[in-house]
Amino acid sequence: MQPLLEVDRLCVEFTTRHGSLRALSEVSFGIAPGEVLGIVGESGAGKSLTGAAIIGLLQPPGRISGGRIVYDGQRIDTLPDEAMRRLRGRQIGSIFQDPMTALNPLLTIGQQLVETIRTHLPLSESEAVARAVSLLEETGISGAAQRLAQYPHQFSGGMRQRVVIALALAAGPRLLIADEPTTALDVSVQAQVIALLKQLCRDRGMAVMLVTHDMGVIAEACDRVAVMYAGRIVEIGPVRDVIHSPAHPYAIGLMGAIPSMSGERERLLQIDGAMPRLGEIPQGCAFHPRCPQAWARCRSERPELMPAGASRAACWLHDAGAPR
Amino acid sequence: MTPLMASPLVEVRELSKTFDVSAPWLARVIERRAPQFVHAVDGVSFAIQRGQTLGLVGESGCGKSTVARLLVGLQTPTSGEVRLDGIDMTQAFASGQAGTLRRRLQMIFQDPYASLNPRWTVADIVAEPLVEHGLLSGRAALRERVAELLAAVGLSASDAAKLPHQFSGGQRQRISIARALASNPEFLVCDEPTSALDVSVQAQVLNLMQEIQQRHGLTYLFISHNLAVVRHVADQVGVMVLGRIVELADRRTLFSRPAHPYTRMLLDSIPDVAMSGRVRQPVQGDLPNPLQPPIGCSFHPRCPHANERCRVERPALQAIGGVQVACHAAEEGRLP
Amino acid sequence: MSQAASAPGTLRRFFAGDLWHSFTHSPTAMVAAAIAFICIISATFANVLAPHHPFDLATLELADSRLPPAWLPEGRATYLLGTDDQGRDILSALMYGARISLLVGFASVLVSMLVGVALGLLSGYVGGKTDGFLMRVCDVMLSFPAILVALLIDGIGRALFPQSHDALAYAVLILAISLTGWVPYARTVRGSAMVERQKEYVQAARVIGVAPLRIMRRHVLPNVMGPVMVLATLQVATAILIEATLSFLGVGVPPTSPSLGTLIRVGNDFLFSGEWWITVFPGAMLVLIALSVNLLGDWLRDALNPGSR
C-alpha cells in the first residue's frame with residue numbers, strides 16, 4: 001500500500017554560536033493509511049522534533065537541512081507558509097502533551113471547536129455546531145451539546161485531552177501526529193485515551209504517528225514502532241517483534257530496563273552512560289560507546305538500517321560480515 | 001510475619017492533614033460561602049520495618065506526596081502521630097530541637113532540575129547536611145567526605161567543583177542521593193525520584209538506590225504513581241485514594257491477588273508491555289474531585305461492586321485475608 | 001569550603017559565557033558602556049583630569065567670565081566649553097558636577113537595593129501577614145510621587161537641623177531618593193522569592209533543618225539577584241535625574257559643591273542673555289549619562305531574559 005506519509009532521509013540542524021548541530025540525521029520511515037506508527041525514544045532523541053518538522057512547526061534556529069517529507073504524493077517540506085497552514089489541520093492534525101495549554105482558557109470549548117471547523121471547512125455556523133457536537137460525542141464526552149458552552153477549566157485532565165483530540169479531528173485529517181498524548185494523564189485516564197485513539201483510527205482509517213517515551217503505550221496502541229537514539233532511527237519494525245525480540249543493542253537495553261509487571265523481580269538491565277548531547281555525537285554508530293557488543297567497524301562507520309529478523313536495525317551485528 | 005517482630009523504625013498512626021482552601025474572608029462574607037477544606041491526608045496508618053521499603057501508590061490528588069512531606073516535617077499534621085524509632089516527630093519538629101532527628105531522615109525529590117541550587121557547586125550542595133549539623137569541619141575533611149559520597153553514587157571527585165547545569169537529569173538525581181546520604185541517615189523518603197527520568201536512566205538510579213539500601217541498611221518510603229517501579233523496589237505496598245489507604249499488603253500478594261476494587265482497576269489499567277494479550281478494561285469515569293469527595297467510600301462512583309452501604313458508610317482499614325483492605329465488599333465477602 | 005568556585009575559574013566562565021557574547025555582539029551596549037565608562041572615569045578622577053579647578057576661588061579669573069565655547073569666535077582654547085559668570089570653566093565644572101551626581105545616584109541606588117531586597121526577600125519567603133503588610137506599605141509608598149517625598153524629607157531634614165553641614169545634607173538627599181526607590185526592588189524580589197521558595201532545593205534545605213534566615217540568604221538570594229541587577233542599572237539613571245531635579249529646584253546638594261542639576265539651574269538665568277553654553281552643556285551631560293545607563297540596563301535585561309533570544 002502506498003504510504004500516506006513518507007519521510008526520506010530527513011535532517012534537521014540547529015545553528016548556534018558554537019556551530020551547526022545536527023539534531024536529526026537521515027531519519028526515514030513511512031506510515032500507511034489506517035496504521036499507527038510509534039516513535040519511541042528517550043529525551044533528546046529527537047522524536048518530538050520529527051513531529052514538529054513534519055507539521056512545519058520547527059522553531060528557528062532549527063531548520064530542515066536535508067531530505068524530504070512527502071504527504072499523499074506531494075512534497076511538503078518545501079511548501080510556503082500559507083500552503084502549509086492550510087495543510088495543517090485539514091490534512092494533518094496534531095495533539096500535544098499538555099492538555100492544559102493546548103486550549104485557550106478564555107474561550108468556550110464550543111467557540112474553539114467551531115472556529116477550527118470553519119477555518120478548514122465551508123460550513124455555516126449551525127452546521128459547524130452540529131459537527132462539533134458529533135465530534136465531542138465521538139471522543140466520548142457525554143452531554144456534548146451542553147458542554148459546548150463550558151470553559152476548559154471546567155473539564156478534568158482526561159476530558160480536556162479528549163477535547164483536544166476532537167479539535168485535532170475537526171476538519172477530518174487523514175494523518176494525526178500525537179506527541180506524548182498520555183504522559184500528563186493518570187494511569188486510569190491514560191488507558192481510556194489510548195483506547196479512544198485506537199478506535200478513532202479504526203473508524204476513520206486515519207494514520208497516526210504516536211510519539212512517546214512510554215513503551216507501555218507503544219505496546220498497547222501501535223502497529224509498528226521506530227526506536228530513536230541521538231537523532232536517528234536505530235530500529236523499526238512490527239511492534240511485537242521489536243518488543244519481544246529487539247535486534248539493536250540499545251533497544252535490547254531499553255526493553256531490559258523497563259520494570260516488568262510479571263515474573264520474578266530481578267536487577268534491571270542497565271545501560272551505562274547517557275545519550276550523547278547534540279554536539280558530542282560520536283563517529284560511526286552513535287551508540288557504540290555504551291554498547292556491550294561494539295567492535296571495530298562500529299567505531300568508524302555509521303550503520304544504515306538493515307534487515308534483522310522481522311524488523312530493521314541500524315547495527316553492524318546484523319550485517320553479513322559481523323563477528324559472531 | 002514473625003510473631004515477635006522488632007519494633008518498626010517508622011510508625012504512622014491516623015495521620016491527617018487538612019488544608020483550608022476557603023475563599024478570602026471578605027468574599028465568603030459577601031457571597032455567603034461556606035469555608036472549604038481539602039482532606040489531603042485522612043487517617044493514614046502504616047509501619048515500616050528497618051531495612052524495608054514501603055511503596056505508596058495512587059493517582060494525582062491521592063495525598064501520597066503530602067504524606068511524604070508530613071513525614072519529613074515540611075508540613076505539620078492536623079492530627080495523628082508519626083514516630084521515628086519511637087520518637088514523636090511532630091513534637092520534635094515543633095519544639096525546634098529536631099537537629100538529631102533530622103540527621104536520621106532525608107528526602108529525595110522528583111524534579112532533578114529544581115532539587116539542586118543552580119548557583120551552588122556540587123561540593124557545597126552535597127556537604128550542606130554535614131555543615132548544617134556540624135558533623136565535619138575543616139575543608140580537607142569535607143572535601144574527602146564529598147568525594148567519598150560522589151564515588152558511592154557513581155560520580156567522580158572532579159565533579160565536585162562543577163555546577164548542576166553541567167549534569168544530566170540522571171546525574172543530578174545521583175547528586176541528590178549523595179546529599180541525602182551525607183549525614184548517614186536511617187530513613188529516606190523518596191518522592192517520585194525516577195518519574196522525571198528516562199527509562200534507561202531510571203534503571204540506573206533504581207539499581208543504585210537498591211545497592212545503597214542493602215549496603216547501609218536503609219529504610220525507604222517510596223512514593224510513585226508507576227506501579228511497575230513500585231513492584232520492583234517495594235517490600236510492602238500501600239494504595240491511596242483521596243487521602244486514605246484503601247489497601248496495604250506485601251508486594252507479592254498485592255500484585256498477584258489484589259483485594260480492593262481500586263487496586264484491581266489500577267493494575268488493569270497499566271499498559272501491558274509484555275503484550276500477553278490480556279484484555280484491558282479501561283475504567284469509566286474521572287478522578288474524584290478532592291474538594292467534593294464522595295460520601296462514604298471514596299471509590300464507590302467508579303466501583304463495579306458498590307452497594308448502598310458503600311454510598312453511605314466509609315469503610316475502615318481492616319485485616320482481611322492477610323492484607324489490610326478498606327472495602328465493604330471485601331469485608332462482606334462479595335468480591336470475586 | 002568556599003561558596004563560589006575560585007576567582008580565575010569564575011572569570012574564565014564569564015568571558016566564555018552567553019552574557020559576554022551577547023555584549024560583544026550588541027553595538028548599542030558596547031557604545032553605551034563606553035560612554036558611561038568615560039563619564040564615570042572623568043567624574044571619579046575629576047581632580048586629576050579636569051583642566052581647571054572651578055570651585056577653588058583662588059584660581060578663578062573674573063576677566064575670563066562668560067566666554068563662549070572654544071570653537072566660537074570669542075572662545076579660548078583653554079576653556080573648551082566656555083565659562084560661566086564667575087569665570088569657572090564649564091568642562092571642569094561638568095566633571096566635578098558629574099562626580100556629585102553619580103555619587104548621589106549610586107549611593108541612593110545602593111541604599112534602595114539593600115532595603116528593597118531585604119524586605120522583598122522577607123515578604124516573598126515568609127509570606128502570610130508579613131507579606132500582606134509589607135505589600136500595603138509598598139502600595140502606600142508608590143502613591144507618593146518621588147519628587148514630593150524627596151522634598152518632604154528634605155524639608156524635614158532642614159527644619160530639624162537648621163545649621164546642617166554638607167555631610168548631613170548629602171545624607172538627607174540620599175535618604176530622600178532611596179525612600180521611594182526601594183519599592184520596585186522589593187516587588188521584584190518578592191515575586192522571585194515566592195517562586196524559588198516552592199522549588200525543591202529550598203525544600204531540601206528545610207528538610208536538612210537549615211534556619212529560614214540562612215535559607216533566604218544563602219539559597220534564595222543568589223537566585224533572585226538577576227532582575228535586581230537590571231533594575232539597579234536602570235534606577236541609577238532615575239536617581240541621578242531625581243537628584244538633578246531636586247538640585248535644580250534648589251533643595252538638593254549644597255551650593256558649595258554643585259551637581260549637574262545645580263549647574264543647570266545656575267545656567268538657566270543666563271539662557272536669555274545668550275550665554276546658552278552655561279546651561280546646555282550640563283544638560284547634555286546629564287542626558288548622556290542617563291541615556292547610556294538606560295541603554296545598558298535595557299541590554300542587560302534582554303541578555304538575561306532567555307525568552308527574548
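**Reasoning through a predicted three-chain model**

Colleague: Which strands does helix α2 of chain B lie across, and at what angle does α2 run to β2(B)?
Modeller: Helix α2 covers residues 64–72 of chain B and lies across β1, β2 and β4 of that chain. Its angle to β2(B) is about 65°. Keep in mind that this is a predicted model.

Colleague: What is the strand order of the open sheet with β1, β2 and β4 of chain B?
Modeller: The order is β2-β1-β4-β5, and the pairing is antiparallel.

Colleague: What makes β2 and β5 of chain B edge strands?
Modeller: Each pairs on one side only. β2 spans 37–48 and β5 spans 87–88.

Colleague: How do you know that β1 and β4 of chain B pair?
Modeller: Count the bridges. Pairing needs at least two bridges. Strand β1 (residues 10–20) and strand β4 (residues 79–84) of chain B have 5 bridges, in the antiparallel sense. Therefore they count as a pair. For one bridge, take B:Glu11: its partner in β4(B) is B:Arg83.

Colleague: What is the order of the open sheet of 8 strands in chain B?
Modeller: It reads β6-β7-β8-β3-β9-β10-β12-β11, with mixed pairing.

Colleague: Why is one side of β6 and of β11 in chain B left without a neighbour in the sheet?
Modeller: β6 (105–108) and β11 (318–320) stand at the edges, and each has a single partner strand, so one side of each stays free of a sheet neighbour. From one strand to the next, the twist averages 20°.

Colleague: What makes β7 and β8 of chain B a pair, and in which sense do they run?
Modeller: They run parallel, with 5 bridges between β7 (residues 187–191) and β8 (residues 219–224). The requirement is at least two, so these strands pair. B:Leu188 stands opposite B:Tyr220 in β8(B).

Colleague: How would you describe the direction of helix α7 of chain B against β6(B)?
Modeller: Helix α7 (residues 169–181) lies across β6 and β7 of chain B, at about 170° to β6(B). Angles over 145 degrees count as roughly antiparallel. Therefore α7 is roughly antiparallel to β6(B).

Colleague: Why is strand β10 of chain B called largely enclosed?
Modeller: A residue is buried if 20 or more other C-beta atoms lie within 10 Å of its own. In β10 (residues 244–250), 6 of the 7 residues are buried, so the rest of the structure largely encloses this strand.

Colleague: How many bridges join β10(B) to strand β9 of chain B?
Modeller: β9 (residues 236–241) pairs with β10(B) over 6 bridges, antiparallel. B:Val241 stands opposite B:Arg244 in β10(B). In the hairpin of these two strands, 2 residues lie between the strands, and B:Leu242 takes a positive phi near 45°.

Colleague: What makes β10(B) and strand β12 of chain B a pair?
Modeller: The cut-off is at least two bridges. β10(B) and β12 (residues 323–325) have 2 bridges, so they just qualify. Their sense is antiparallel. The bridge partner of B:Glu247 in β12(B) is B:Val325.

Colleague: How many helices and strands does chain C have?
Modeller: Chain C has 12 helices and 0 strands. Of its 309 residues, 44% are buried. Its C-alpha trace spans about 75 × 50 × 35 Å along the principal axes.

Colleague: Why are α3(C) and α5(C) called roughly perpendicular?
Modeller: Their angle is about 105°, with the axes 8 Å apart. The range 65 to 115 degrees counts as roughly perpendicular. Therefore α3(C) and α5(C) earn that description. Among the residues making the contact are C:Cys39 and C:Ile40 of α3(C) and C:Met95 and C:Leu102 of α5(C). By class, the contact has 6 nonpolar, 2 polar and 1 charged residues.

Colleague: How many residues do chain C and chain B give to their contact?
Modeller: Chain C gives 17 and chain B gives 26. α9(C) gives the most to the side of chain C that touches chain B, with 8 residues. That side has 9 nonpolar, 5 polar and 3 charged residues.

Colleague: How many residues of chain A are in contact with chain B?
Modeller: 34 residues of chain A are in contact with 32 residues of chain B. Helices supplying at least two residues each on the chain A side include α7 (157–169) and α8 (187–204). The chain A side divides into 17 nonpolar, 11 polar and 6 charged residues.

Note on methods: Residues numbered from 1 in each chain as written. Chains lettered and ligands numbered in written order. Predicted model: local features only at pLDDT ≥ 70, side-chain atom pairs only at ≥ 80, totals over all residues. Helix = DSSP H or I, 4+ residues; strand = E, 2+ residues; numbered from the N terminus. Contact = placed C-beta atoms within 7 Å. Axes fitted to C-alpha atoms, helices over the stretch in contact; angles between N-to-C directions. Buried ≥ 20, exposed ≤ 12 C-beta atoms within 10 Å, placed from the backbone. Nonpolar A, V, L, I, M, F, W, Y, C, P; charged D, E, K, R; others polar. Parallel < 35°, antiparallel > 145°, perpendicular 65-115°, else oblique.
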